[in-house]
Amino acid sequence: MTKNAFWNDDWMNTQRQYWEQWNNMQQQALGVKQPPTNPWEQSMEHWWSAIQGAVPSTGQDFFSKMMDQGKNYFQMAEQAMQAANGQENISDAWAKMLHGLTESFHQTPSNDPFKKASAFWEMPMDNWNRMASAMSPVPGDTLRGMPHGDVKEHLDRLLGTPGLGYTRESQTQYQSLMQAAMDYQEAMAEYALFFSSMGEKSTKLLQQKIGDTPVESARHLYDTWVGCCEELYAEDVITEDYAKLHGRLVNALMVLKSRYGEILNESLSTMNIPTHDDLRTVQIRMQEQRRENKKLNSEVAALRREIMKMQAEKKTTDAKPAAARTKAKKVTKKKAAPRKKKAAVAKRSTK
Amino acid sequence: MINFQIRPDKLAEEMADYSRKLGHGIENLIDAGEIDTGVTARTAVYKEDKLVLYRYDRPEGVEASNEAPLLIVYALVNRPYMTDIQEDRSTIRGLMDAGQDVYLIDWGYPDSSDYALTMDDYINGYIDRCVDHICEAHGLDSINVLGICQGGTFSLCYTSMHQDKVRNLVTMVTPVDFKTPDNLLSAWVQHIDIDLLVDTIGNIPGELLNWTFLSLKPFSLTGQKYVNMVDVLDDPKKVKNFLRMEKWIFDSPDQAGETFRQFIKDFYQKNALMAGEVEIGENVIDLANITCPVLNIYAQQDHLVPPDASTPLGGLVGSDDYKELAFPGGHIGIYVSGRAQKEVTPAIGEWLSKR
């Protein structure tokens with residue numbers, strides 16, 4: 001495996017050339033139109049896709065995460081380098097990179113070189129989407145592109161129109177589902193905005209933190225960045241504002257799911273298939289039954305123990321007179337012996 | 001002035017170093033094989049529904065010095081093999097070495113048929129029947145109980161209702177005051193409509209709990225941790241230990257809906273345990289009913305159950321024999337760190353054996 005490793009000498013040379021190209025661009029302010037592509041990421045991805053099949057499933061996710069995070073921290077350093085294009089010194093380039101990062105939290109056009117670093121602040125949102133996907137029939141980010149702002153206001157009014165005619169119940173259900181979907185989308189947008197504004201603050205904090213300390217490695221940069229993000233995150237998510245935002249997001253998802261459920265129940269009911277409500281009733285009744293059975297079992301066990309105890313006591317009680325009788329008999333027998341002895345003596349004396 | 005000194009050649013070298021470690025590490029990962037969980041031999045002594053009560057097998061020739069066995073009541077969240085995660089990091093083994101005869105409740109994985117299980121079912125049902133089973137097996141009227149995290153809260157409720165069956169109570173990283181200012185979990189659930197949540201999804205999926213726990217420190221727990229791991233990838237033992245911990249973190253059973261409803265509403269939202277207003281079945285939980293000796297262990301850097309959430313216990317129990325033990329570590333470190341093996345389990349064993 002190591003023969004075909006992606007970190008061999010050829011790769012090192014290519015990587016050096018890649019960085020030298022950037023370095024030249026800095027020094028000579030060439031202003032190249034198309035930046036070179038980074039061979040490291042490409043090589044690593046090729047290598048991973050080739051060997052992935054040999055890795056046990058338990059380790060695949062773990063290894064992918066290490067590679068993704070590796071990319072994350074090198075991308076930061078790379079962006080700093082790229083920002084140096086046309087700048088006279090690296091510090092100015094760094095300032096430009098941070099400025100670009102801050103800007104990217106306001107708007108993230110598709111070709112934005114800072115998009116990947118700013119996406120770091122989407123991690124909480126991504127985590128949410130994964131979780132929401134696991135609980136939904138649709139992917140967690142399905143609703144991210146739904147209209148909001150002015151368009152949403154118009155749609156709100158439209159969806160508030162009462163249903164008419166024979167299908168009014170059904171219309172109302174679908175309107176309600178649409179409304180819930182839009183409310184959820186709005187809650188997700190608020191949630192994303194919260195992290196976006198936090199991301200902007202984190203770049204300022206990063207600037208402060210690295211102000212005096214020389215940044216000598218990509219790892220140092222990455223660790224400092226993570227530290228800044230965690231520090232700001234911890235401060236902001238303990239607030240009442242965040243708690244409300246968090247509550248709105250979870251509640252909005254639940255309303256959406258429950259609207260889905262109502263429509264699904266309706267369909268199931270028409271096909272004579274047990275609905276969610278039917279199942280809930282069965283679950284509750286089953287637990288009541290189980291509880292009752294356990295209580296009865298416990299009472300039966302207690303009664304059984306009581307009976308066994310009584311039986312044991314009875315045996316002891318019955319055994320006592322019997323033992324007393326036996327003892328009495330033994331005593332009688334013992335007492336009789338001397339008599340025999342006496343009788344024998346008498347017999348002998350009569351001889 | 002920003003002092004930025006990353007040079008292109010240094011950056012290339014750093015990338016190469018990272019890549020080499022990944023490349024070598026992949027072989028250790030392939031060799032890691034199946035990840036085993038729980039290392040100490042044990043015997044299932046009682047089963048009920050999905051619950052299994054285990055008794056840990058003592059090494060041959062080694063007798064428990066404490067006459068009263070110890071029952072570990074773990075949380076419903078995550079799996080109890082955290083207490084026995086690897087040979088040299090096992091709370092169970094430490095307790096056995098300290099002379100205790102150890103039992104543990106494994107709650108299993110609730111499914112939709114367990115949706116309607118209540119806290120009353122768990123505490124006055126399952127826990128009580130396990131205690132009865134152990135008492136009967138040992139010919140005793142009472143045993144020692146060790147509750148962990150949520151299991152600690154359950155143990156407190158149990159002891160307040162069945163004090164006669166608990167000889168000594170140990171609580172580890174156990175929340176009592178659920179509304180301290182530094183409790184992130186508590187802050188986050190205050191505005192969630194729990195009735196809507198449970199009515200809509202029934203049992204609470206493990207994914208939701210994972211998301212919540214990872215959200216406590218998202219950048220470290222879902223990112224930086226993996227970068228740090230690259231540094232130790234060349235050590236097969238460390239790789240295996242890391243994978244074992246990863247398995248545990250994401251091995252989150254679903255939560256029975258009705259129990260979750262009561263636990264979050266009464267404990268987190270109303271903080272009713274502090275107010276003496278929690279109702280379990282027909283009983284109101286009054287911690288003053290706890291009169292047996294209590295050892296309360298908390299972790300000083302615990303971000304799930306902050307120390308302030310645990311320490312109010314001392315002022316609430318009716319016991320004259322209350323002791324606290326502060327461990328300099330986190331919520332997980334209290335079981336798995338090397339220091340915990342040296343300090344926590346021997347301290348529990350000694351405290352129990354004296355009583």
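The largest nonpolar core in this predicted model has 104 residues. Those with the most contacts inside this core are Leu71(B), Ile72(B), Val73(B), Val102(B), Tyr103(B), Ile127(B) and Cys157(B). Its largest share, eight residues, comes from helix α3 of chain B, which spans residues 119–138. In soluble globular proteins, nonpolar side chains tend to be buried together.

Ile127(B) illustrates the packing. Leaving aside residues up to four places away in sequence, Ile127(B) touches Val73(B), Tyr122(B), Phe154(B) and Tyr158(B). Val73(B) is itself one of the residues with the most contacts inside the core. Another core lies apart from this one. That second core has 31 residues. Among them are Leu11(B), Met15(B), Val230(B) and Leu243(B).

Chain B also holds an open sheet of eight strands. Their order is β1-β2-β6-β3-β7-β8-β11-β12, and the pairing is mixed. Strands β1 (42–48) and β12 (322–327) of chain B form the edges, each pairing on one side only. From one strand to the next, the twist averages 20°. Strands of a sheet pair through backbone hydrogen bonds, either parallel or antiparallel.

Within the sheet, β3 and β7 of chain B pair in the parallel sense. Strand β3 covers residues 70–73 of chain B, and β7 covers residues 143–148 of chain B. Four bridges join the two strands. Leu70(B) stands opposite Asn144(B), a residue of β7(B). Strand β3 of chain B also contributes to the core: residues 70–73 form this strand, and Leu71(B), Ile72(B) and Val73(B) are among the residues with the most core contacts.

A helix covers this part of the sheet. Helix α4 of chain B, residues 150–161, lies across β3, β7 and β8 (166–172) of chain B. Helix α4 runs at about 140° to β7(B). Residues 150–161 make up this helix, and Cys157(B) is one of the residues with the most contacts inside the largest core. Phe154(B) and Tyr158(B) both touch Ile127(B).

Chain A has another make-up. Eleven helices and zero strands are found in chain A. Along the sequence, the pattern reads α-α-α-α-α-α-α-α-α-α-α. Of the 351 residues in chain A, 26% are buried. Among contacts in chain A between residues at least 6 apart in sequence, 64% join residues at least 24 apart.

Confidence scores complete the description. Chain B averages a pLDDT of 91, and 98% of its residues score at least 70. The model scores ipTM 0.85 and pTM 0.77. Where pLDDT is low, the predicted coordinates should not be read in detail.

How values were computed: Residues are numbered from 1 along each chain as its sequence is written. Chains are lettered from A and ligands numbered from 1 in the order in which they are written. This is a predicted model: local features need pLDDT of at least 70, side-chain atom pairs count only at pLDDT 80 or more; totals for chains, interfaces and linings use all residues. Two strands pair if DSSP finds at least two bridges between them. Axes are lines fitted to C-alpha atoms, for helices over the stretch in contact, and angles run from 0 to 180 degrees between N-to-C directions. Two residues are in contact if their C-beta atoms, placed from the backbone, lie within 7 Å. A nonpolar core is a set of buried Ala, Val, Leu, Ile, Met, Phe, Trp, Tyr and Cys residues joined through C-beta atoms within 7 Å. A residue is buried if 20 or more other C-beta atoms lie within 10 Å of its own, exposed if 12 or fewer, and partly exposed in between; C-beta atoms are placed from the backbone. pLDDT is the predictor's confidence in each residue, from 0 to 100.
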